[in-house]
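Hi everyone, thanks for coming. I'd like to walk you through one structure today, so let me put it up on the screen.

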Protein chains: 2
Amino acid sequence: MTMPARNPTLEDVAQRARVSTATVSRFVNNAAVVAPDTAERIREAIAETGYIPNMLAGGLASSKSRMVSVLIPHLSDSMFNDTIEAMVEDLSTAGLNVMLGITGVSAERTEQLIRDALSRRVDAVISSGPLNAETRELVRRSPALFIQIWELPADPIGIAVGFSHAAAGRDIARFAVSRGYRRPHLVTADGARAMERRDAFLAEWREIASGEPSLSTVDIPSRFGHARRAFAEMRRLPQMPDVVICGSDYLAMGLVIEAQSAGLRVPDDLAVMGFGNSAIAGEMRPTITTVDVDGRRIAREAIAAITSHQKGTLPDQRLIDVGFRIIARESA
Amino acid sequence: MTMPARNPTLEDVAQRARVSTATVSRFVNNAAVVAPDTAERIREAIAETGYIPNMLAGGLASSKSRMVSVLIPHLSDSMFNDTIEAMVEDLSTAGLNVMLGITGVSAERTEQLIRDALSRRVDAVISSGPLNAETRELVRRSPALFIQIWELPADPIGIAVGFSHAAAGRDIARFAVSRGYRRPHLVTADGARAMERRDAFLAEWREIASGEPSLSTVDIPSRFGHARRAFAEMRRLPQMPDVVICGSDYLAMGLVIEAQSAGLRVPDDLAVMGFGNSAIAGEMRPTITTVDVDGRRIAREAIAAITSHQKGTLPDQRLIDVGFRIIARESA
DNA sequence: CTGAAAGCGCTTACAG
DNA sequence: CTGAAAGCGCTTACAG
């Protein structure tokens with residue numbers, strides 16, 4: 001069998017199967033539309049030539065790329081990992097390839113990544129990164145579906161799949177009060193969403209309890225080791241807090257370790273709460289009380305929206321609230 | 001200003017700037033090759049139209065996609081995260097977009113993802129996933145550069161950037177002996193590379209020490225919580241080990257926590273070693289002795305190879321050994 | 001430094 | 001169910 005040096009094309013397959021390129025194209029995209037014996041000849045021709053469709057050409061001709069851009073702030077030590085992993089897997093299953101971009105906290109970086117995505121004519125952009133006005137406009141003009149995840153902005157550009165961070169902050173405050181804690185200390189990552197939870201916590205706390213909570217802010221991405229500094233700050237307080245509300249499970253774990261190595265018992269001497277319900281939260285000793293967000297559901301809803309968008313039907317809601325649940329465990 | 005409903009094309013820009021599409025194309029790809037005043041007119045026309053190049057068309061015409069496929073086994077709790085994050089960032093900086101695929105341990109899944117990548121005509125595939133014979137052939141035929149990372153196979157398909165897992169296993173054994181440990185217990189993730197380190201450890205141990213190490217195997221991806229089961233297995237041993245050699249820092253951290261919560265002191269009653277030098281290893285209490293692999297360097301070398309491949313010059317070496325370093329800290 | 005034109009490899013109305 | 005043909009939006013030798 002002679003192999004051409006170049007990649008085999010639809011034309012090569014068509015000649016071999018003695019049909020037109022149009023028929024081969026139809027077979028590749030939906031095998032059921034061609035006659036059974038034709039299909040068989042094409043199948044053989046594809047196997048013999050080792051044909052691999054050129055999606056660049058296919059995408060250009062059909063103006064759909066079967067590609068989705070996923071933009072996340074960080075990869076390491078991230079609360080998003082479960083969501084992202086589910087996203088990438090489910091997108092693949094749905095026949096969509098994923099372009100990954102890491103935005104950090106930079107709106108400029110996000111803009112560049114969105115331009116890259118649009119230049120590939122992606123079917124959708126799934127993003128949890130920061131947007132400036134220019135980027136919003138860019139996205140609004142584009143035919144790609146824009147999906148914001150992990151938050152529910154008042155006026156989403158396309159659709160949003162997430163939950164209310166304000167509601168989460170409020171519920172955490174109520175939980176802390178119901179458990180009898182009096183002196184909360186908040187360790188917040190320096191990001192918009194974490195700040196929104198913190199502010200809602202403070203507002204609710206002032207409403208239903210007394211005394212002003214103390215605060216620490218840590219850099220983003222919130223790392224395990226940041227807990228050390230936050231713990232040191234707490235120790236310098238005139239009165240030691242009785243519960244630490246952390247912006248992530250990683251921080252919570254770090255705080256538990258710091259507290260224990262300072263001889264404190266968790267939760268008796270100091271209670272600790274996390275956020276995100278990562279696998280580690282349930283596996284730590286003591287197990288960590290945290291807030292669960294269904295990352296896989298976020299992924300599923302986003303993909304369902306893309307699928308319906310591709311069929312031309314707009315998703316029936318622009319804001320999809322997946323909610324959250326406080327999971328009470330040993331640490332608080 | 002009237003906006004066409006469709007995306008503006010090179011043609012729209014060309015008309016507005018009163019030049020040919022060829023000139024606009026040249027400007028977009030290398031602004032320096034057009035005359036300064038022409039460049040200025042084109043720049044304005046691009047701004048006015050909001051032109052975003054269609055890389056599908058560009059890639060088809062030039063037969064280079066400026067896109068690289070990155071294939072990894074897992075995202076969550078992974079030792080690879082630093083490498084992947086560096087990879088994605090550095091690729092973006094180099095003007096290459098990344099297509100991400102998650103292979104798990106499945107060679108079939110890997111094959112599908114490689115087919116997807118080839119159908120997008122990626123410039124390179126960077127992979128640390130498992131390959132079957134068919135996939136190897138697929139890749140060999142393709143003009144894309146194939147880069148295997150995190151290992152150094154005897155006969156790489158394209159090039160490989162990684163380190164010798166056998167050498168790492170051997171050096172870990174020597175380290176354990178030099179520290180005076182007598183009864184090592186190995187906790188190994190159920191993956192080819194971890195097994196290679198384990199086997200080399202065992203071979204070396206038999207050579208330079210006495211007594212047969214005990215073993216636990218945990219599922220992949222190795223999770224924090226697996227440590228609990230491994231620790232329980234150890235406790236049932238006739239004689240308690242004096243050092244646990246873990247396949248990842250995550251496992252090591254889990255073991256430290258288990259040991260401590262069972263009242264053992266680390267390292268006095270039980271020493272623990274990790275692998276990978278994640279951020280957590282240096283931040284844990286006690287800090288964890290581990291093996292450092294320079295993930296960012298792996299990313300850099302891979303990208304350098306792609307760059308030189310694109311210039312037509314083959315990389316000068318097919319095997320790039322980035323080595324590893326044992327980092328002695330408090331835990332062992 | 002610039003333009004006219006062929007070509008990249010597909011898809012898809014249109015016609016049969 | 002199938003084919004002929006136009007078209008998707010670029011790039012790039014070739015010529016000037």
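Let's begin with a single residue: is B:Glu111 buried or exposed? Keep in mind that this is a predicted model. B:Glu111 has 20 C-beta neighbours inside 10 Å, and 20 is where the buried class begins, so B:Glu111 counts as buried. You'll find B:Glu111 in helix α6 of chain B, which covers residues 107-119. Setting aside residues up to four places away in sequence, B:Glu111 touches B:Asn132, B:Glu134 and B:Thr135. There is also B:Arg136, which is 25 residues from B:Glu111 along the chain, with 9.0 Å between their C-alpha atoms.

Now over to the DNA. Strand C is surrounded by 27 residues, and the closest are A:Leu10, A:Ala22, A:Ser25, A:Ala61 and B:Thr38. Helices α2 (21-29) and α4 (55-62), from chain A and from chain B, each supply at least two residues of the surface near DNA strand C. The largest share belongs to α2(A), with six residues. If you're curious about the chemistry, that surface has 14 nonpolar, 11 polar and two charged residues.

Last stop, the domains of chain A. Domain 1 is 10-53, domain 2 is 66-163 + 295-322, and domain 3 is 165-292. The C-alpha centres of domain 2 and domain 3 of chain A are 29 Å apart. Their contact takes nine residues from domain 2 of chain A and 12 residues from domain 3 of chain A. On the domain 2 side of that contact in chain A, we have four nonpolar, three polar and two charged residues.

That's my tour, thanks for listening!

Methods: Residues numbered from 1 in each chain as written. Chains lettered and ligands numbered in written order. Predicted model: local features only at pLDDT ≥ 70, side-chain atom pairs only at ≥ 80, totals over all residues. Helix = DSSP H or I, 4+ residues; strand = E, 2+ residues; numbered from the N terminus. Buried ≥ 20, exposed ≤ 12 C-beta atoms within 10 Å, placed from the backbone. Contact = placed C-beta atoms within 7 Å. Domains from an automatic or database assignment. Nonpolar A, V, L, I, M, F, W, Y, C, P; charged D, E, K, R; others polar. Near = placed C-beta within 6 Å.
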